[in-house]
There are 6 protein chains.
Amino acid sequence: MMIDADRTPWPDVAAAFDRGAGLAVLPFGAFEQHGPHLPLGTDTATAAEVARRLAERLDAVLLPPVHYGDTWNTAGYRGTLSLSSATVTAIVVDLGRALARSGAGGLVVVNGDWGNRGPLYTATRLLLDEGVLPAITLDHPGMDAAIDEVRESRPAAAGLAHAEEIETSIMLRLAPDDVRTDRYGACYPAFPSDFGTRPMQLHPFSPSGVFGDPSPATADKGERLLDATVEGSMAVLADFVADVLRGRAEEAR
Amino acid sequence: MMIDADRTPWPDVAAAFDRGAGLAVLPFGAFEQHGPHLPLGTDTATAAEVARRLAERLDAVLLPPVHYGDTWNTAGYRGTLSLSSATVTAIVVDLGRALARSGAGGLVVVNGDWGNRGPLYTATRLLLDEGVLPAITLDHPGMDAAIDEVRESRPAAAGLAHAEEIETSIMLRLAPDDVRTDRYGACYPAFPSDFGTRPMQLHPFSPSGVFGDPSPATADKGERLLDATVEGSMAVLADFVADVLRGRAEEAR
Amino acid sequence: MMIDADRTPWPDVAAAFDRGAGLAVLPFGAFEQHGPHLPLGTDTATAAEVARRLAERLDAVLLPPVHYGDTWNTAGYRGTLSLSSATVTAIVVDLGRALARSGAGGLVVVNGDWGNRGPLYTATRLLLDEGVLPAITLDHPGMDAAIDEVRESRPAAAGLAHAEEIETSIMLRLAPDDVRTDRYGACYPAFPSDFGTRPMQLHPFSPSGVFGDPSPATADKGERLLDATVEGSMAVLADFVADVLRGRAEEAR
Amino acid sequence: MMIDADRTPWPDVAAAFDRGAGLAVLPFGAFEQHGPHLPLGTDTATAAEVARRLAERLDAVLLPPVHYGDTWNTAGYRGTLSLSSATVTAIVVDLGRALARSGAGGLVVVNGDWGNRGPLYTATRLLLDEGVLPAITLDHPGMDAAIDEVRESRPAAAGLAHAEEIETSIMLRLAPDDVRTDRYGACYPAFPSDFGTRPMQLHPFSPSGVFGDPSPATADKGERLLDATVEGSMAVLADFVADVLRGRAEEAR
Amino acid sequence: MMIDADRTPWPDVAAAFDRGAGLAVLPFGAFEQHGPHLPLGTDTATAAEVARRLAERLDAVLLPPVHYGDTWNTAGYRGTLSLSSATVTAIVVDLGRALARSGAGGLVVVNGDWGNRGPLYTATRLLLDEGVLPAITLDHPGMDAAIDEVRESRPAAAGLAHAEEIETSIMLRLAPDDVRTDRYGACYPAFPSDFGTRPMQLHPFSPSGVFGDPSPATADKGERLLDATVEGSMAVLADFVADVLRGRAEEAR
Amino acid sequence: MMIDADRTPWPDVAAAFDRGAGLAVLPFGAFEQHGPHLPLGTDTATAAEVARRLAERLDAVLLPPVHYGDTWNTAGYRGTLSLSSATVTAIVVDLGRALARSGAGGLVVVNGDWGNRGPLYTATRLLLDEGVLPAITLDHPGMDAAIDEVRESRPAAAGLAHAEEIETSIMLRLAPDDVRTDRYGACYPAFPSDFGTRPMQLHPFSPSGVFGDPSPATADKGERLLDATVEGSMAVLADFVADVLRGRAEEAR
């Protein structure tokens, strides 16, 4: 049974940390432009939903989301509010230390945005180096394979899925009222030879903020993407959970 | 008309930043023990509600809340997850810079927890020093006077209101389902002579985390406290808004 | 018997650290404008005098003062030399660590300026967190009540006492030769609604740097203010000293 | 005419910054063991006296001293209170910035301790790099030559003068009441081959903290040492002052 | 014509920065275990060779290599000497600033090790944000495709090439005398489900440090890998060079 | 027998760390203008050669050089690429920690440039403070005496040897092909009174970057300088090595 920690008194959360692996699941989102038809909180909504499903599967404590992330690439769009990499790292390191003091068994960060990957990796590495507590960041494992399955439109670039069919499908599933289907519009920019290698702001390439075509999106595709991500995450977490349980059993001896 | 930015596409938020003072309102909460009967998210819920009402009054952009704050004093309770002071400061500085790039006219931080006061002051001072954008932090102005009016129980110490009549009243108003009225219990610790002067962890003084008596709490008192805080905040903001409008008019010339 | 450490060889200071609570008292001043009639070292002189009296009462080691503090609010006046908050914190953290290595029982910081409050709180909290040594900052406890008693002139704002009757009285007591009584001049600025909430430089409000009216100042009032501050400080320190002695007794076992 | 800034109101200091080169002279001392016969404030007293004489010669503003420095080498003696290198640097950088805002023409730091050399060099280099204001640190130029002239006792190592004939002579001149002549005692340690190359704490080499022999000290030697240092400092400063005056003349055009 | 800057006087390097794109090429290596048969400098040697060939193709200035990198994953092997991520970033940021002051047109970092990717990305992003100079990091583009072509042995994990056929081939081409062919030994560890997701030290998985099988390595394969990397790098750089030239032409106007 | 670690597999380096004192020798160079006739890598070449000879004498592990240093004074010459002081310190601290983990007995840094002295001192002091491993920096001990013996030309200033007879002699010995003897040219600038005291860029004093006269340089003088430096270094290291051996013997017990 999952605990929604933000709505729960501390003794119940403490008790949950004492059960089984005692994991905390943290959705790490972003506040980032997603075209004229998707809300700024798209990445947070996605991470929060994956985190909620994982918390249920893991009998874990669901933490309230971090709504802001490192979205440097889209900082040129008005409305995107990006944290620095250092701040993203600091948030997770601070929470990791606090979770260890609170007796949690481990921390699973569900990352909703590409830009958080580097700083979140730095954070979990630091928590490992200092022996704070077992921590892992999930960058939507399993979603790429599901994308290949559901996708009908051409991607704007290999591996790029931003405010197009994929993300729109997910939001149609999660918050259809927040999707402005009347504003759909495709955009396929021409990228330079060093795109994906050299750090680059994205706004010169797409005035709308769309990269690809949202029009084939459906809520059903969204569900398939979310489901595959949860399954992929559970597969990755198998040995992580086992490792946490083993560590707790050793400590209990 | 208030804009709930997390659920809104970026062009609409950009348009809102161009209207009037173009303010953004950020609720800065905390994830902190509030006794056995109130949820860990109590401060966030309070700040979010005050921020929502202010955004409506100010025709402003409501930002999604920061759910974690500097709650050093209660870090000894399991479940409290405290950020460091530096991280709290960094979050607001980063968001302030991003809001300036996004064309917002100013930033109003609605602070939900005592522990955030120092780091938030540091952040707004830094935003002023660097000329980033006008920024102010509101520590629930007007609430103290309202507390004096509604309070029936004795405070645990002068100026201390934690998980007792006051905060419980607010949560009865905001989220009655999350208040465990069956767990009410008063606690009046004996404090040393340097309490309030020397930095001190609070858990040795109250095992439950309650400081005072929650039993006289009512939703009606909660509404009066919230209303007084919104009115107090609007009074403080009068010259701030005027200052932002004046600055924008000058820039437009 | 108080030890004036700056004029004393190290073995005598070491011996003093071994006696009783073995406290060190550090006056933390400021180099800040105090109108055309009071010297830049006003806050340092006040803190140094309070510290000297406390050291005598506590049989403690008096350290030489820090003459510079965080005086951001008055940095717009020529002559004010403000340290950054981080530097103020660093000085006390460094000294706290060095005192612990030197075998002192605890550190009492006597703070002479409002601007140092935040950074000094940060410092003592850090010394506590790292278990360096017991440390406390005193922000002139007891002085506010004495101000209410002696004050004849109206304050420029609630709780504001800068270069007016109160501070002038103290300097008439401590260093009458340094008070330019011929330059007295009152100033009562009009403050905006967010004064005291939003970080603000003070020089636009008073060209002279005076906030209130120095003319009713007397040396006798100054003595009453200092005496009340020393008494207030001793009252706050009662349990601090007891705590240090208990800790030393336990270590000795 | 020298201005003792700590005892002077701000408008008079501002006026002094407008006159001639408008220099500020900052004595940077240390709080460091100087054997059983010299006070902990020996380096500060020396720097303060040199600074006072220089301020008189330069018609400059004398700032109150910094009483603590980077005295890492003697931190193993109880009573030595050392700042970190970073803190020493930060103090001078902060003061340099504040002096520039206050309209000072330049900053002359009179350094009283060997350990401050590195961090003070870092500070003045940074002030130069950022174009804050002209700044220079004086490490008692001219004193070495004078030492060679007055010294009757053998030094403990080449270039080492700590709590022996030289420093004792200076204190006999500056504060004879604070010199415990009854405690004189020589100490000539055997140093390893990497002494002076490898960072090393000094307390293992001399239990008393004396390095050399204080007994031939006289106040007259002290005066000769101080006088030579002032003359040496003035010689070094000739082109510095000319440079500041040239810069001010250019700005005035 | 390529300039080997380490062996060249400064006026000739300055002249080279004035020619064409005026690029500097920096090989960023690592000092990391590569099994019992390859030298610790393997990554540096590879990066240096690719950089040399690129500098020739680009008529650029070849900088001397950085021999140490962020090799956190293999820090558990004795001999690996890893820099922190922050240090790797700082080196490139410092060099980027210095190159801009020296009049270089741009910086191409040839990265030799996986662990440097994050910190080098951070560095080039920072150089872009601050407008220092155009900078790009190349992580051996084109090599993966070449690996797929030449590889005869099975990889230890998807995308993992460490001290096996691939790297051994490169070293057989670059420094055959430094390859201990008598020590070849394959290692195919069993990895947990979170391998590649959770930060993990590698030494528990392979005592020798080999991941895969070095035995099918040949110098000819090494040449093909290097050649493909140079071609892949030139392809990525096409628009980068054009961008630098365009910027210089604009500045010249 | 010296180990050239960059060309050696890790198990052999690990074995070398287990033998005798198990020292690592790190040449720390610079990338700095040395006039029109000497290469930018002059300091690195010198440090690398001294380090190589020391490693042979000490049966130690020779690490690959750091090619960049803190060359702030000559950063005004195009081609000089200076690291910040903090980066120089960080590199050695990181390597010191990694060497300790690798089981090295101690670290000997051979410093090739004046500008690195401060930051390298900071690094070795920090490694000592944290008990990481014994570490020492050698600033070419013995070379000054040898300079006095071989020098035929007048120095540009006392203690200044840059791109003139001394450094040119060393490069004629180490890399005669890289010395442009056809470009020799003397330069004797007039220095201000605060030269050597106030931080100062050097390029205004010598357009060529030469300070002194390279023309009397010979390879034979270079060899005498290098040899004296190695002998001077060995003399300084005598007690350092003894100290490391004693520490290892104690640990082995």
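Buried area is the accessible area that two parts lose on being put together, summed over both. The exercises below use this idea and a few others on a predicted model.

**Exercise 1. Find how much area chain A and chain B bury between them, and which residues of chain A lose the most.**

Step 1. Count the residues in contact. Chain A gives 53 residues and chain B gives 53 residues.

Step 2. Take the area. Chain A and chain B bury about 4200 Å² between them. Carbon and sulfur atoms account for 56% of it.

Step 3. Name the main contributors in chain A. A:Trp10, A:Tyr68 and A:Arg78 lose the most area to chain B. Together they make up 20% of what that side buries.

**Exercise 2. Work out how chain A and chain B are related in space.**

Step 1. Superpose the copies. A rotation of 180°, with 0.0 Å of shift along its axis, puts chain A on chain B. The RMSD is 0.0 Å.

Step 2. Draw the conclusion. The two copies are therefore related as by a two-fold rotation axis.

Step 3. Check the surfaces. Both copies use the same surface: 100% of the contact residues of chain A recur in chain B.

**Exercise 3. Describe the contact between chain F and chain E.**

Step 1. Count again. In this contact, 53 residues of chain F meet 53 residues of chain E.

Step 2. Take the area. About 4100 Å² is buried between chain F and chain E. Of this, 56% comes from carbon and sulfur atoms.

Step 3. Look at chain F. The residues that lose the most area to chain E are F:Trp10, F:Tyr68 and F:Arg78. Their joint share is 20% of what that side buries.

**Exercise 4. Trace the sheet of chain F and place two helices on it.**

Step 1. Order the strands. The sheet is open, has five strands and runs E1-E3-E2-E4-E5, with parallel pairing.

Step 2. Find the edges. Strand E1 (3-4) and strand E5 (135-138) of chain F each pair on one side only.

Step 3. Zoom in on one pair. Strand E2 (residues 23-28) and strand E4 (residues 106-111) of chain F are parallel and share six bridges. F:Val25 has F:Val108 as its bridge partner in E4(F).

Step 4. Add the helices. Helix H2 (residues 42-58) of chain F lies across E1, E2, strand E3 (61-62), E4 and E5. Helix H2 runs at about 170° to E2(F). Helix H7 (residues 219-252) of chain F lies across E2, E4 and E5, at about 180° to E5(F).

**Exercise 5. Do the same for chain E, with the pair E4 and E5.**

Step 1. Order the strands. Chain E has an open sheet of five strands, E1-E3-E2-E4-E5, paired in parallel. Its edge strands are E1 (3-4) and E5 (135-138).

Step 2. Take the pair. Strand E4 (residues 106-111) and E5(E) are parallel and pair over four bridges. In E5(E), E:Ala135 is the bridge partner of E:Leu107.

Step 3. Add a helix. Helix H3 (residues 85-102) of chain E packs on the sheet and touches strand E2 (23-28) and E4. The direction of helix H3 makes about 165° with that of E2(E).

**Exercise 6. Locate the largest nonpolar core and follow one of its residues.**

Step 1. Size the core. The largest has 84 residues. C:Leu26, C:Leu63, D:Leu26 and D:Leu63 have the most contacts inside it.

Step 2. Follow C:Leu63. Leaving out residues up to four places away in sequence, C:Leu63 touches residues including C:Ala5, C:Leu99, D:Phe31, D:Tyr68 and D:Leu81.

Step 3. Look elsewhere. Another core, of 83 residues, lies apart from it. Among its members are A:Leu26, A:Phe31, A:Leu202 and B:Ala157.

Technical notes:
Residues numbered from 1 in each chain as written. Chains lettered and ligands numbered in written order. Predicted model: local features only at pLDDT ≥ 70, side-chain atom pairs only at ≥ 80, totals over all residues. Heavy atoms only, no water. Least-squares fit on C-alpha atoms with pLDDT ≥ 70 in both. Contact = heavy atoms within 4.5 Å. Pairing = 2+ DSSP bridges. Axes fitted to C-alpha atoms, helices over the stretch in contact; angles between N-to-C directions. Core = buried A, V, L, I, M, F, W, Y, C linked by side-chain atoms within 4.5 Å. Buried < 20%, exposed > 50% of the residue type's maximum accessible area, 1.4 Å probe, protein only. Buried area = accessible area lost by both parts, 1.4 Å probe.
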